[in-house]
Structure formats: structure tokens, C-alpha cells
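Hi everyone, thanks for making time this morning. I'd like to walk you through one structure, so please have the viewer open while I talk.

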Amino acid sequence: MPETGKVYLVGAGPGDPGLITLRGAEVLGRADTVIMDRLAHPRLLHHAPSDVELIYAGKSSRRHTIGQEDITALIVDRARAGRVVVRLKGGDPFVFGRGGEEAEALAAEGIDFEIVPGVSSAIAAPAFAGIPVTSRFTAASFAVVTGHEAPGKSRGDVRWDRLATAVDTIVCLMGVENLPWIVSELLDNGRDAGTPVAVIEWGTHPRQRTVTGTLADIVDICRNAHIGAPAVTVVGEVVRLRQTISWFETRPLFGRRTIVTRAADQAGELSSLLL
Ligand SMILES: C[S@@+](CC[C@H](N)C(=O)[O-])C[C@H]1O[C@@H](n2cnc3c(N)ncnc32)[C@H](O)[C@@H]1O
């Protein structure tokens with residue numbers, strides 16, 4: 001029987017491959033197996049050994065490539081075979097990432113594991129849109145909630161009735177498809193229709209797009225702009241700060257395609273100068 005291996009549940013960060021932690025890159029470097037989420041950037045595999053076993057466990061809201069139970073079984077199986085397993089998850093593994101469920105399964109199986117936190121899209125996508133989730137002047141609190149619940153639930157997981165006016169900034173993940181319902185929950189529960197809202201699609205990626213409006217008009221604005229997942233919605237006065245501190249989308253070459261006629265390893269320095 002081989003000695004049991006070790007599992008690292010690693011946050012890949014929100015998309016930009018530079019936003020993984022040093023610890024995350026370090027443990028990728030000694031992985032035998034990487035089990036990777038859809039939202040983890042493929043370039044992060046440059047940190048892993050060239051002969052690493054790669055398993056793609058990409059999930060989108062409609063299409064589950066491998067079910068959660070099968071993913072957990074795979075992690076356990078590879079660890080039992082004595083391998084170093086990196087489970088690479090978008091953003092932070094414990095923010096709507098099912099990292100808790102995977103850690104529970106590992107604990108139950110007696111398998112050694114470590115959690116490597118990551119930069120969550122809940123704060124990074126707003127930051128790349130020029131929106132701080134708190135502000136000393138307008139926002140002393142923020143909440144991160146799921147927008148993925150089934151509309152019409154009589155008592156949903158998110159208590160919109162309590163939340164709507166309880167915190168200054170509300171950050172909603174997985175909420176694009178349900179945006180009309182989320183907006184109506186906020187309005188019905190007392191949030192002002194003039195409250196600023198931003199929706200950030202593919203935050204931190206070169207293809208990032210941000211639309212802004214208010215609770216009164218953001219649904220139409222998103223529909224007209226064909227905003228889709230993955231996107232983060234930010235509700236609160238902090239959205240106004242984008243007018244002065246938007247920095248990523250205002251870069252001179254943002255959104256332009258740059259063709260660098262060099263080998264990838266030579267091009268890195270030049271690319272960073274251009275960006
Ligand atoms: C299953 S949750 C995982 C969240 C992840 N653990 C985190 O901390 O960012 C997936 C949701 O995160 C949000 N998300 C993740 N990456 C994003 C990105 N680059 N831009 C915008 N939203 C993103 C979207 O709301 C997406 O539907």
C-alpha cells in the first residue's frame with residue numbers, strides 16, 4: 001500500500017494569473033496531479049511540473065463537466081495513491097467554492113490537507129473596476145452573497161429582507177441570470193431605487209467589461225450590453241468611486257490585441273511594459 005499523499009486546496013485567484021499567492025505557486029511546483037476549475041487561468045500550469053497529471057473539472061452554471069461527488073472521489077483516490085494533489089479553484093477555495101465540502105471529505109478520510117487561500121473575485125473584480133468595497137466615508141460594511149438560489153423560494157438561503165438595508169455594500173456572485181429577481185428583492189425590502197450598481201464581467205481578465213447604473217435601470221443596462229457569467233454585481237454608494245479611480249479599463253492599450261513576435265519566455269518583460 002503506498003503512503004497517503006497530500007492535498008492542497010489552492011485559490012487560483014480571480015483570473016489574472018499574476019494574482020495567485022506565492023504559496024499557491026510553490027505547491028503547484030511540486031504537484032503530481034492538478035485538478036482544475038473552469039475559472040482558474042490555464043497559464044497557472046506553468047508553475048507545475050511538465051509531466052503533471054492534469055484533470056479538468058470545469059464547471060459552469062449549466063454544464064457540470066464532472067459532478068462534485070466525482071471530483072471529491074478523484075481527489076481522495078489520487079491522494080490514497082500517494083500523490084501530491086493540487087485542487088486549483090477559482091478565486092478563494094472557501095468563498096462559494098465548495099472547498100469546505102472537499103476539506104470535510106478529506107478530514108473524514110484521514111487525508112493530510114492544506115488550504116491555500118486565494119484572492120476572491122468578490123473583492124478583486126470590483127478593485128479592477130475601480131470600486132473599493134468599503135470606504136471610510138460611505139461604506140463601513142460589506143456582504144458577499146450568492147445570487148444563484150432559485151427565484152421564488154419561500155424562504156431563500158439569502159435573507160434579502162434582512163440584508164437589503166443592513167450593509168452598505170452588497171457584492172453578489174453567480175447572480176447575472178437572476179439579476180431581475182435580486183434587484184426586485186432589494187427594492188421590495190427597502191433599498192433605494194437610486195442606489196448605484198456595477199456589474200463586472202470577466203473581472204481582472206483582458207476582456208473585463210463593467211456596466212453601471214442604479215437599482216432602477218441596471219437590469220435593462222445589463223440586458224442591452226449582453227452581460228453574462230462570470231460576473232460580480234456590486235450594490236452601494238462605493239460604485240460612484242469608479243468615476244475617479246477606474247484604472248484598469250482606462251489603460252491606453254486596454255482591450256486592444258497585441259501581437260508580440262517573440263518566444264513566450266522572452267515576451268514576458270515586453271508584455272508587462274505594454275500593459
Ligand atoms: C462558484 S463561484 C466561485 C467564487 C470563487 N471561489 C471566488 O472566490 O471568486 C463563481 C462565481 O464567482 C464570480 N467570479 C469568479 N471569477 C470571476 C471573474 N473573473 N469576474 C467576475 N466574476 C467572477 C462569478 O459571480 C461566478 O459566477
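**A walk from the surface patch to the salt bridges**

Let's begin on the outside, where Val95, Phe96 and Met174 make up a nonpolar surface patch with about 240 Å² of accessible area together. Before we go on, please keep in mind that this is a predicted model.

Take Val95 from that patch. Val95 sits in the loop that runs between β4 (84-89) and α3 (99-109). Is Val95 buried, exposed or partly exposed? With a relative accessibility of 30%, Val95 counts as partly exposed.

Val95 also brings us to the ligand. How many residues surround the ligand? There are 18 of them, and the closest are Pro14, Val95, Ser121, Gly203 and Ala231. If you sort the shell by residue type, you get eleven nonpolar residues, six polar ones and one charged one.

Now for the polar contacts, and I'll give you three. A nitrogen atom of the ligand is 2.9 Å from a polar backbone atom of Gly90. Ser120 uses its side chain instead: a polar atom there lies 2.8 Å from an oxygen atom of the ligand. Then comes Met174, which you met a moment ago as part of the surface patch. A backbone N or O atom of Met174 is 2.7 Å from an oxygen atom of the ligand. How much of the ligand does the protein cover? On its own the ligand has 570 Å² of accessible area, and the protein covers 88% of that.

Let's turn to the backbone, where a few spots deserve a look. Please go to Ala229 and Pro230, which are joined by a cis peptide bond with omega at about 0 degrees. Pro230 is in the loop between α7 (218-225) and β10 (231-235).

Next, which residues other than glycine have a positive phi? One of them is Arg98, with a phi of about 60 degrees. You will find Arg98 in the loop between β4 and α3, and Val95 lies in the loop between those two elements as well. Arg98 has a relative accessible area of 37%, so it counts as partly exposed. Another is Trp202, whose phi is positive and near 50 degrees. Trp202 belongs to the loop between β8 (196-201) and β9 (209-214). Trp202 has a relative accessibility of 16% and counts as buried, because the cut-off for buried is under 20%.

While we are in the loops, here is a polar contact within the protein. A polar side-chain atom of Ser135 lies 3.2 Å from the backbone nitrogen of Thr138. Ser135 is placed in the loop between α4 (121-128) and β6 (142-146), and with a relative accessible area of 14% it is buried.

That leaves the charged pairs. As a reminder, side chains of opposite charge can pair when their charged atoms come close. How many salt bridges are there in this model? The count comes to 18, and I'll pick out three.

My opening example is Asp112 with Lys6, where the closest N and O atoms are 3.7 Å apart. Asp112 is in strand β5 (residues 112-116) and Lys6 in strand β1 (residues 6-11), so this pair ties together parts that are 106 residues apart in sequence. Asp112 itself is partly exposed, at 44% relative accessibility.

Next is Glu53 with Arg83, whose closest N and O atoms are 3.6 Å apart. This pair links distant parts of the chain, with Glu53 in strand β3 (residues 53-56) and Arg83 in the loop between α2 (68-80) and β4, 30 residues apart. Both partners are partly exposed: Glu53 has a relative accessible area of 24%, and Arg83 has one of 28%.

My last pair is Glu102 with Arg87, which meet in a salt bridge at 3.2 Å, N to O. Here helix α3 supplies Glu102 and strand β4 supplies Arg87, 15 residues apart. Are these two buried or exposed? Glu102 is buried, and Arg87 is buried too.

One more thing before I stop. Some of these charges join up: Lys6, Arg23, Glu26, Arg30, Asp112 and Glu114 are linked in a network of salt bridges. Lys6 and Asp112 are the pair that bridges β1 and β5, so that is a good place to start if you want to trace the network on your screen. Thanks for listening!

How values were computed:
Residues numbered from 1 in each chain as written. Predicted model: local features only at pLDDT ≥ 70, side-chain atom pairs only at ≥ 80, totals over all residues. Heavy atoms only, no water. Near = heavy atom within 4 Å. Polar contact = N/O pair within 3.5 Å; in protein donor to acceptor, adjacent residues only side chain to side chain. Areas by Shrake-Rupley, 256 points an atom, 1.4 Å probe, with all protein chains shown as cover. Nonpolar A, V, L, I, M, F, W, Y, C, P; charged D, E, K, R; others polar. Patch = residues over 30% accessible without salt bridge, like charges linked within 9 Å, V, L, I, M, F, W, Y side chains within 5 Å. Salt bridge = Lys/Arg side-chain N within 4 Å of Asp/Glu carboxyl O. Helix = DSSP H or I, 4+ residues; strand = E, 2+ residues; numbered from the N terminus. Buried < 20%, exposed > 50% of the residue type's maximum accessible area, 1.4 Å probe, protein only.
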